[in-house]
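Please work through the exercises below with the sequence and the model open beside you. Each task is followed by a solution that proceeds step by step.

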Amino acid sequence: MRRILFFSLALSFLFIGLAPGRSEEKELKGRISISGAWALYPMALKWGEEFQKVHPKVKIDIQAGGAGKGIADVLAGMVDIGLVSRDIHKEEFAKGAFAIAVTKDAVVATVNEKNPCLRELLKKGVRREVFIDIWVTKKIKTWGEVTGTEEKAPVHVFTRSDACGAAETWAQFLGKRQEDLAGIGVYGDPGLADAVRRDRLGIGYNNINYAYDTKTKKPVKGIIPVPIDLNGNGLKDKEEDFYETRDDITRAIANNIYPSPPARDLFFVTKGKPDRMVLIEFIRWVLTEGQKYVSETGYIPLSPEKLSEGLGKIAQTR
């Protein structure tokens, strides 16, 4: 509790220290265009809605389409902010990408709730090496090979068809890049979740806000997140049992129990340092007042150090 109170006060003082130019001291006007990662899209929508309540003369347009679209759009000057759910590449920095971490989440493997080996999957979890043999080497062909049983039903593997942070992050967890992942390509987070929901033998991966229902905080009807056997002992141990609700897994991510990757920071990216007041103030608000919406929207707050780093970068743009 003391840490939370100290963090809140520290952010408040830092925010005040960046004056003049605090967003609440002037009537902001203008438009902000945003596109990109499905992973960050629900959070960006919430931030946009709340910021416009405070500044009704600011209009924010937000579209999803994958991290690849977000970074391409912002570097081409088509939008003001690209939503990116992976690390920024060197060549993107070379083209002017200016990235600020704003929150974090994670990617989880998912199966159909009627999977013939669901009981074994939930009891044992799945080792990273098995995931590699599903998506990369393609050595595993049946659900019996996944779970160490006699089940002969084939594994139907799904992946993302669009350039995206979820696929890049899941591939990074497996030691590869998105283009190395095997499977039937499906567009978008909602599309991939739906593909697994429709196929009892399917396996895929989703950002947590597409694997868990936003209202019930339970897994989305029809799909079940697959536990990762972190220590490789063939059992889902007590310390690995955090998949039942969205709150459970976000807590595990916040406490660094869930591995990184597939846990990762999520970024706002602009082309060069932002120079429009409305854009600077929106990003500043996201890193301060906007952080109170992070947990309730199903994301994980960044450390005080990372938030301070982002505020420092914004201060340097003035």
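The exercises begin with the confidence of the model and then turn to helix packing, backbone geometry and contacts.

This is a predicted model, in which local features need pLDDT of at least 70 and side-chain atom pairs count only at pLDDT 80 or more, whereas totals for chains, interfaces and linings use all residues. Residues are numbered from 1 along each chain as its sequence is written, and side-chain values use heavy atoms, with hydrogens and water left out.

**Exercise 1. Confidence**

Task: State the mean pLDDT of the protein chain, and find over which residues pLDDT stays under 50.

Solution. Step one is to recall that pLDDT is the predictor's confidence in each residue, on a scale from 0 to 100. Step two gives a mean pLDDT of 92 for the protein chain, with 91% of its residues at 70 or more. Step three locates the stretch under 50 at residues 1-24, for which the model has 31 contacts beyond four places in sequence, a contact being heavy atoms within 4.5 Å.

**Exercise 2. Helix α12 and helix α13**

Task: Determine how the axes of α12 and α13 cross, and which residues make the contact.

Solution. Elements are DSSP runs numbered from the N terminus, helices being H or I of at least four residues and strands E of at least two. Axes are lines fitted to C-alpha atoms, for helices over the stretch in contact, and angles between N-to-C directions run from 0 to 180 degrees. For α12 (residues 277-287) and α13 (residues 304-315), the axes come within 10 Å and cross at roughly 165 degrees. The two helices are therefore roughly antiparallel to each other, given that angles under 35 degrees count as roughly parallel, over 145 as roughly antiparallel, 65 to 115 as roughly perpendicular and the rest as oblique. The crossing of α12 and α13 is left-handed, a term for a near helix turned anticlockwise from the far one by less than a right angle, with right-handed used if it is turned clockwise. On the α12 side the contact involves I280, I283, R284 and L287, and on the α13 side L307, G310, L311 and I314. By class, this contact has six nonpolar residues, one polar and one charged; Ala, Val, Leu, Ile, Met, Phe, Trp, Tyr, Cys and Pro count as nonpolar, Asp, Glu, Lys and Arg as charged, and the others, Gly among them, as polar.

An α-helix has 3.6 residues a turn, so residues three or four places apart point the same way.

**Exercise 3. Helix α2 and the burial of α12**

Task: Describe how α2 passes α12, and decide how many residues of α12 are buried.

Solution. The axes of α2 (residues 41-54) and α12 come within 11 Å and cross at roughly 110 degrees, which makes α2 roughly perpendicular to α12. This crossing is right-handed, and its contact joins W47, G48, E50 and F51 of α2 to E281, F282, W285 and V286 of α12. The residues of this contact comprise five nonpolar, one polar and two charged. For burial, the classes are buried under 20% relative accessible area, exposed over 50% and partly exposed in between, with a 1.4 Å probe and protein chains only. By that standard 10 of the 11 residues of α12 are buried, so this helix is largely enclosed by the rest of the structure. Among the buried residues are V278, L279, E281 and R284.

**Exercise 4. Backbone geometry in the loops**

Task: Identify which residues a cis peptide bond joins, and place K217 and N256 in their loops.

Solution. One cis peptide bond joins S260 and P261, with omega about -15 degrees, and another joins P261 and P262, with omega about 15 degrees. P261 sits in the loop between α11 (246-254) and β9 (263-271), as does P262. N256 also belongs to the loop between α11 and β9; N256 is not a glycine, yet its phi is positive at about 60 degrees, and at 62% relative accessibility N256 counts as exposed. K217, in the loop between α10 (208-211) and β8 (223-225), is a residue other than glycine with a positive phi near 65 degrees, and K217 counts as partly exposed at 28% relative accessibility.

**Exercise 5. Contacts of A163**

Task: Locate A163, and list what A163 is in contact with beyond its neighbours within four places in sequence.

Solution. A163 is placed in the loop between β5 and α8. With those neighbours set aside, A163 is in contact with G66, A67, G68, K69 and Q178. The C-alpha atoms of A163 and P219, 56 residues apart along the chain, are separated by 25 Å.
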